[in-house]
Structures are given as structure tokens and as C-alpha cells.
Amino acid sequence: MLKGKHIILGISGGIAAYKSAALLRLLVKAGAEVQVIITPNGKEFITPVTLSALSGKPVISEFFTANSGEWHSHVDLGLWADLMIIAPATASTIAKMANGVADNMLITTYLSAKEHVMIAPAMDLDMWAHPSTQRNIRTLEQDGVEVISPADGELASHLVGKGRMEEPENIVKCIKAFFERNNVSEASLAGKKVMITAGPTYEKIDPVRFIGNFSSGKMGFAIAEEFAQRGADVTLVTGPVSLDVKHPRIKRISIESALEMYETAVQTAPECDVAVFAAAVADYRPETCNQTKIKREKGEAPVIKLVKNPDIAAACGKLKKDGQIFVGFALETDNELANAREKLDKKNLDIMVLNSLRDAGAGFATDTNKVTIITENSEMQFPLKSKVCVAADIVNTVQGLLTH
Ligand code: C5P
């Protein structure tokens, strides 16, 4: 899949630079043409000789080659590349990228890059967790940079935490997934109708209070964007979230409670080719909603009686016809695979996306997710990725099952 692809491998100055040699080798073995650009500090960690031997090309670090005066054009490099991956991306390189501080060849090339850019950050856990780094990461994500989140584990400092650069094999998986997404034509889902449920539901106790959950809606919104980008007409039924829809082919229906989501979903899903149930629906609601605000009485605290909400995915699953593909999510704490498979069956779905609460960075309110995608005949485990990339993996799986 990487045959003939032009990839810029940027290396900045961190201990994890030693892993870049393995990454480079995997990329070259997969058929890619790789141009290495290393920062001056990067050269303190790995030598250009190793990298040029592996890539079969001179390594670029400075704006000029000192003895010949040859100028390296960051603009030409930016245009040449099909993809730029910076691994490791240090806190300093990330900060420079986020702020356009073009004081080395790597950052000038980044600013000239027309194609997709990915970074695999690597740093000590406190540097990664620092608000400044996290702010810069958010900025880069908003700028369209794909962040391959660092893994948990022992760091060069011998401290244990999040900050290890993702393993080269997993980075290559993300790169392959990017090209796979890119190969899927823009209009490959043209004419298909898709319904997605997203976000939390709010179950009213009285006019000012509710029972809810921490779902941000990010996963469902990312799936909606991905389907729309591939040409589908999307209806996004969403609970209260602070997200905006970007693509014009997404019709947003905002609801508040599980019952409202249920009404809309059971009407919409039967008309669709695909339905994705990504909402975190409250399992229970107060039996009654007080007409007025419940006062703080001097006596006993009020007891709120709860009743069960309908299972929206299961109700739609019952109405499913041949050819329709329905997708559910499972967030499990134990016996993950077995429980997820049971839900796939019980709710009459075709795909179950399993996220385990054991994985840091997966699940509610994060920008990343680590999932296993389960179908009747297969199980695919993916590394921690941005929700945008997870959405692409989910849509790829749906497309694989759709029979035109
Ligand atoms: O049974 P559980 O809540 O673990 O199932 C999760 C899946 O079912 C998710 O896809 C979720 O959106 C969906 N669901 C639903 N309505 C409910 C509860 C869950 O659609 N009331």
C-alpha cells in the first residue's frame, strides 16, 4: 500500500529518535520513498549516516549544504510529499509547529506541506501533561494535524507514565490507514443514507435538574463527518453537546432525553442504509418530572424513583431489514470481547465497536480512542488514535459489509 508513496520523516531531538530508524526501515520495506529531515538537536540522538543508509537518500538538516552551498527547498519538499510524519515530535517541535516558529528546516517544511501531517509525540510525562503542551496539541489538531498519542510506560527518565512514542509498527499502521482513507473516493457512499446517534441524554428531574453523563459526542460527530465526506447523507441525532456540525450533508436533530432520541431514531433508522448508535443513552429516567423546582426541605431528602429507558439500538435492530448495516458501541470493564459479542447478537447489530475502560485515553470526553471492531466473523484491534481516525476505521468496516 505504501509503494511509491513519498513520505517525509521528520525527526526532532528526543531519546525516542532511536526508534525512528526502525520506523524508517519499516516504511522503506513497505515500498515508500522516504526523505528524512532531522533537526539540529535530533542529530545528537541519531546520526544522519544511519538514516541515509536506511533511506538511500542524503538526510536534510540545514537550509544549505555547507560545502557545496546547495539550497534545500522546503517548498519543493512540501509539494513532493504525500505525507509528512514527525516522529519523535518533542514538546519544543510541537510548540514551534503550533505557533509557526520556522527556525529550522523541519518546521519550514511543515509550514510548506500541502499534504497530511502526522506527529508521534515523545517526552516525559509531566511535559506531556503540561497545559502548554496540551494547548499546542489542541491547536495542531484544529489545524488538521493527526496526533498519534504517546503510549503509557517507562520513560527515559525511569518515571512511568504517558509520554513514550508509539511503537514504529503502530505508527506504520496509522500511516497505512491514512492512505487507505485517502484511496476511498470522495463519492464512494453517494446516495447512501446514514443515521447516527451521539452525545449524552439528559433525563429531567425538575425544570432545572437532570440525570446525565460525561459523553462529549466527539466520537459520533467524527463518524458523521467521515460518512458525509464520503458522500453519504447523514442524519445526526444528538443529545446536548458543545460541538458544531461542519459538513453540509449532515442534518442535525438536537434532542434532550432518551425518549426523544428513541422517537426520532425508530422513525429514521428504517429508512437508512446504515445506522450507528454512538450515543451514551441514560439507562434510567425519573418516573416523573416535577413541574416546579424541588425545594430543599428541612426533612428527608427526596427519593427519585427511576424507570428504565428503551434500548434504542435494540429497538432499531428489531426493525432492521436485509442489506442494512447497524453499528453499536460497547464500553466494557470485564470480559470485554464476550460481552460485546453478546450485545452484537442481542441487539441484532452487524458491527460492535468495543472500547475498554482499561485503556487510558479511550472513551468519554477524550480526543482519542482505542477500539476493537467486532463483526460476526472478525475482530480487529486498533492502536490508540484520534477519534477522527477511529471514525475512518469504523466507516471502512461498514463499507466492507455494505452490498451496494
Ligand atoms: O447495553 P449497552 O448500554 O452497553 O449498549 C451500548 C450500545 O447500545 C451503544 O451503541 C448505545 O448507543 C446503545 N444504546 C441505546 N439505547 C440505550 C442504551 C444503549 O441505543 N438505552
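Start by selecting Ile-196 in this predicted model and showing everything around it. Setting aside residues up to four places away in sequence, Ile-196 touches Gly-220, Ile-223, Ala-224 and Phe-227, then Val-234, Thr-235, Leu-236 and Val-237, and also Val-276. Now widen the selection to the largest nonpolar core, which has 32 residues. Ile-196, Ile-223, Phe-227 and Val-234 are the members that touch the most others.

To see where this core comes from, colour the elements that each supply at least two of its residues: strand 8 (193–198), helix 9 (218–229), strand 11 (233–238), strand 13 (274–277), strand 16 (325–332), strand 17 (351–356), strand 19 (371–375) and helix 13 (387–401). Which element gives the largest share of this core? That is helix 9, with 7 residues. Then select Leu-9, Ile-171, Cys-174 and Ile-175, which are among the 31 residues of a second, separate core.

From Leu-9, step across to Ser-20 in helix 1. Leaving out neighbours within four places in sequence, Ser-20 is in contact with Leu-9, Ile-11, Ala-87 and Pro-88. Is Ser-20 buried or exposed? Ser-20 counts as buried because its relative accessibility is 0%, below the 20% cut-off. For a distance check, draw a line from the C-alpha of Ser-20 to that of Val-36: the two residues are 16 apart in sequence and 9.9 Å apart in space.

Two of those contacts deserve a stop of their own. Zoom in on the peptide bond from Ala-87 to Pro-88, which is cis, with omega near 5 degrees. Pro-88 belongs to strand 3 (residues 83–89).

Pro-88 also leads to Ser-12, since the contacts of Ser-12 beyond four places in sequence are Ala-17, Thr-39, Gly-42, Pro-88, Ala-89, Thr-90 and Thr-93. Look for Ser-12 in the loop between strand 1 (6–11) and helix 1 (17–29). With a relative accessibility of 0%, Ser-12 counts as buried. Show the side chains here, and you will find a polar contact of 3.5 Å between Ser-12 and Thr-93.

Next, centre on the ligand. Around it, select Phe-277, Ala-279, Val-281, Pro-310, Asp-311, Ile-312, Ala-313, Gly-328, Phe-329, Lys-343 and Lys-347. This shell is made up of 7 nonpolar, 1 polar and 3 charged residues. Turn on the backbone atoms to follow three pairs:

- An oxygen atom of the ligand lies 2.6 Å from a polar backbone atom of Phe-277.
- A nitrogen atom of the ligand lies 2.9 Å from a polar backbone atom of Pro-310.
- An oxygen atom of the ligand lies 2.9 Å from a polar backbone atom of Ala-313.

On its own the ligand has 450 Å² of accessible area, and the protein covers 84% of that. Helix 11 (312–318) and strand 16 are the elements that give two or more residues to the shell.

Follow the chain past strand 16 to Asn-335, in the loop that leads to helix 12 (336–346). Phi of Asn-335 is near 45 degrees, a positive value in a residue that is not glycine. Asn-335 counts as exposed because its relative accessibility is 52%. For another positive phi outside glycine, go to His-158, where the angle is near 75 degrees. His-158 sits in the loop between strand 6 (151–154) and strand 7 (160–164), and is exposed at 61% relative accessible area.

Finish at Thr-403, in the segment after helix 13. At 60% relative accessibility, Thr-403 counts as exposed. A last line, from its C-alpha to that of Asn-348, spans 18 Å between residues 55 apart along the chain.

Terms used: Residues are numbered from 1 along each chain as its sequence is written. This is a predicted model: local features need pLDDT of at least 70, side-chain atom pairs count only at pLDDT 80 or more; totals for chains, interfaces and linings use all residues. Side-chain values use heavy atoms; hydrogens and water are left out. A nonpolar core is a set of buried Ala, Val, Leu, Ile, Met, Phe, Trp, Tyr and Cys residues joined through side-chain atoms within 4.5 Å. Buried means under 20% relative accessible area, exposed over 50%, partly exposed in between (1.4 Å probe, protein chains only). Helices (H or I, at least four residues) and strands (E, at least two) are DSSP runs, numbered from the N terminus. Contact means heavy atoms within 4.5 Å. A polar contact is a pair of N or O atoms within 3.5 Å; within protein, one must be able to donate a hydrogen and the other to accept it, and residues adjacent in sequence count only if both atoms are side-chain atoms. A residue is near a molecule or strand if one of its heavy atoms lies within 4 Å of it. Accessible areas come from the Shrake-Rupley method with a 1.4 Å probe; for residues, only the protein chains shown count as cover. Ala, Val, Leu, Ile, Met, Phe, Trp, Tyr, Cys and Pro count as nonpolar, Asp, Glu, Lys and Arg as charged, and the others, Gly among them, as polar.
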